[in-house]
Each structure stands twice: as C-alpha cells, then as structure tokens.
Amino acid sequence: MLSAVSVSAGCKPAGRTDCKSMFRTARYFNPPLSWRIWNFFPRALGLAALVSVYGCSFRTAPLWEEFSGAKAFGHVQHLVELGPRPAGSEALEKSRIYIADQLKSFGWTTTRSEFSASTPRGMMTFVNLVARFGNQEGPAQFLLCSHYDTKTFDAIRFVGANDGGSSTGLLIEMARVLAINPALAAKVELVFFDGEEAFENFTATDGLYGSHHFASELRELAKNFRGGILFDMIGDKSLQVTLSPDSPIDLARNIFAAADALGQRAHFTYFGGGITDDHTPLNEIGIPVIDLIDFDFPPWHTAEDTLDKISAESLEIVGRVALYDVMQFELK
Ligand SMILES: [Zn+2]
C-alpha cells in the first residue's frame with residue numbers, strides 16, 4: 001500500500017518534478033545517433049548532478065524509520081529540566097504548554113480536559129491533554145497514550161526521566177512522524193494523562209485519575225476505537241518491554257510480530273504478573289489497549305530515575321515497533 005510508506009525526508013516534490021521534466025525533454029528530441037552518443041555522457045552527468053542537488057531519491061523509507069530516538073530523548077530532557085512534575089504543580093503546567101506547543105508545530109490541535117477528583121490530599125484539579133491532527137472532529141480509531149505527571153514525593157527530588165518523561169517524549173516524537181502521513185494521523189488520537197500516579201499507595205481510589213476520567217467521558221464512543229497503545233517507562237537503557245499477561249491477545253501478537261519484523265524481538269517479553277496502569281480503565285469500557293511498559297527498572301520511584309538511566313536507542317526501538325504495529329496491523 002503506497003500510503004504505508006513515506007517519501008524519504010530529503011526528497012522534495014519539487015525535485016521529483018524536475019527529474020520528470022528532464023525525462024520528458026529527452027523524449028521529444030530525435031537527433032542523429034552520433035550526436036546522441038556524444039551527448040549521452042554529459043547529459044547523464046548533468047542528471048546525476050541535479051539528482052544530488054535536489055535530493056531526488058527513488059527510494060522511499062518506511063514511516064517507522066522516520067521515528068528518531070534522539071528527538072524523543074530531547075523532549076524528555078526538556079521535561080526533566082522542568083524538575084519534579086507532580087499533579088497540580090507549576091512545572092506540570094509548564095509541561096502542558098511545552099507538549100501543546102510541540103504538537104501545534106507538527107499540525108496537531110490539543111484540547112485541555114480539566115476535572116477535579118477527590119484524593120488522599122483533598123480535592124485536586126487535573127488536566128488531560130487530548131490531541132487530534134489538524135481540525136479533525138470525527139471520531140478517531142486508535143489511541144496512543146502516555147501519562148505525563150510524576151509521582152509526588154515529599155522526601156526526595158523525583159524527576160521521572162523514565163516514569164512520566166520517557167513515554168511523553170516518545171508520544172511527542174510520534175506526533176511529528178505521524179504528521180508526515182496525514183491520512184494516518186487523522187485516524188489517531190494522542191492522549192496525555194494527568195494523575196496516573198497515586199498520592200499514597202496505588203489503590204482502586206488512588207491513582208489513574210486521568211485515565212478514569214477520560215474513560216468515563218469516552219464510554220459512549222468506545223465502539224469507534226479499534227484499540228490503543230499505552231506507553232509507560234520505555235526509556236530504560238537496558239530495555240525489556242514486559243507485557244502484562246492479560247494484554248489484549250491480538251495486540252500482543254501484533255506487537256511481538258512488529259518487534260520480530262524490525263529485529264527487536266529480544267526486547268519484548270511477558271511480565272510475570274498482571275499490571276494495572278492507564279490502559280486498565282480503557283479496557284474496562286471495551287477498548288482493547290496494550291501497555292508497553294518496562295517494569296524491570298530498579299530506579300523506579302527513586303531519586304535515581306534520571307536522564308542517565310534512559311537512552312535514545314530504547315525510545316527509538318519502542319517508537320518504531322509501535323509505529324510498525326499501527327501501520328501494518330492495527331490501521332492497515
Ligand atoms: Zn510511577
């Protein structure tokens with residue numbers, strides 16, 4: 001399917017037009033054979049020169065190869081430099097502004113969904129960010145999600161490079177890449193959840209505030225979605241994505257197949273136990289969403305969850321596998 005590949009970044013439409021017009025010009029002349037022979041090599045050299053000048057390439061790169069771990073890492077770095085970003089903090093508001101500005105620069109429109117919820121620390125205000133490509137108003141078909149808050153700690157400085165940062169940076173880079181294929185981007189909704197973290201311990205009433213609210217609002221529209229992918233803690237230098245055993249089976253099979261196709265199968269496995277995360281409220285309203293999470297991360301919820309624990313390479317592996325899955329399976 002032609003729409004499943006993108007023109008390589010360096011090949012501008014103008015360059016392709018020039019190449020075609022050169023071929024047309026060559027067809028209209030019918031000079032003597034000797035003239036044609038003596039003129040063949042200079043013309044060929046001229047064509048090669050033009051190709052190199054205009055960056056005209058006859059090779060097209062698959063869209064997933066456009067996903068840059070370095071760019072995703074740059075977004076994580078920016079977020080981490082804002083400091084701890086717990087729910088209700090000024091730094092989290094700065095995160096929202098950064099995310100929305102980045103998405104806007106790639107052609108996405110971000111909506112703020114603000115709500116209040118009762119927490120162990122009293123009523124708190126949360127803000128989910130929901131983004132669509134361009135001015136799409138019809139229902140999307142697939143969700144790509146991440147939480148962007150970091151856990152509240154009173155005793156340590158917790159910046160959540162991996163937990164809160166990595167998946168948010170990945171989703172911003174995903175927005176840039178999807179925008180290269182507007183028809184594909186139109187089918188996707190990007191969701192950045194606030195309040196994933198519990199204020200105390202993770203229970204049925206503490207944690208997942210943003211995804212619970214999002215799911216409660218989406219309930220009537222759930223049938224429009226074919227599924228979704230949640231990203232969480234996918235930047236670990238030692239990447240081992242651990243799928244929950246109760247992951248939607250079709251999505252799990254497709255993720256493994258996508259990882260296999262890209263030579264990254266060794267980075268994906270099943271986790272030993274169930275995982276409750278922002279995908280859980282979505283699964284409960286009937287949208288199959290898989291959680292791509294590396295739960296084997298020793299600095300989890302410690303002051304050591306810092307930039308030096310994550311890598312651009314890991315972000316790139318997960319970003320490309322997810323994009324391959326979306327294009328070749330979920331939205332094919
Ligand atoms: Zn966490």
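**Exercise 1. Find out which strands and which helix help to cover the buried residues of H7, then decide how enclosed H7 is.**

Step 1. In this predicted model, the cover over the buried residues of H7 includes strands S3 (108–119), S4 (122–133), S5 (142–147) and S6 (188–193), along with helix H9 (279–284).

Step 2. Now list what is being covered: Tyr209, Gly210, Ser211, His213, Phe214, Ala215 and Leu218 are the buried residues of H7.

Step 3. Helix H7 spans residues 209–218, and seven of its ten residues are buried, so the rest of the structure largely encloses it.

**Exercise 2. Work out which residues coordinate the zinc ion and what arrangement the donor atoms form.**

Step 1. Look for the donors: Asp163 (OD), Glu197 (OE), Glu197 (OE) and His301 (NE2) coordinate the zinc ion at 1.8 to 2.7 Å.

Step 2. Check the angles. The four donor atoms subtend 53 to 149° around the zinc ion, which makes the arrangement irregular. For a tetrahedral label, all angles would have to lie between 85 and 135 degrees.

Step 3. Trace the donors along the chain, where their spacing reads D-x33-E-x103-H. Asp163 sits in helix H5 (residues 161–178) and His301 in the loop between strand S10 (289–293) and H10, so the pair ties together parts 138 residues apart in sequence. Both Asp163 and His301 are buried.

**Exercise 3. Describe the largest nonpolar core.**

Step 1. Among its 64 residues, Trp108, Leu144, Leu178, Leu190, Ile229, Phe231 and Leu292 touch the most other members.

Step 2. Helix H10 (residues 312–330) contributes the most to this core, with ten residues.

Step 3. Zoom in on Ile229: its contacts include Phe142, Leu144, Ile255, Leu292 and Val326.

Note on methods. Residues numbered from 1 in each chain as written. Predicted model: local features only at pLDDT ≥ 70, side-chain atom pairs only at ≥ 80, totals over all residues. Heavy atoms only, no water. Core = buried A, V, L, I, M, F, W, Y, C linked by side-chain atoms within 4.5 Å. Buried < 20%, exposed > 50% of the residue type's maximum accessible area, 1.4 Å probe, protein only. Helix = DSSP H or I, 4+ residues; strand = E, 2+ residues; numbered from the N terminus. Contact = heavy atoms within 4.5 Å. Donors = N, O, S within 2.8 Å, 3.2 Å for Na, K, Ca; no water. Tetrahedral: all angles 85-135°; square planar, octahedral: opposite > 155°, others 65-115°. Lists of a residue's contacts leave out its neighbours within four places in sequence.
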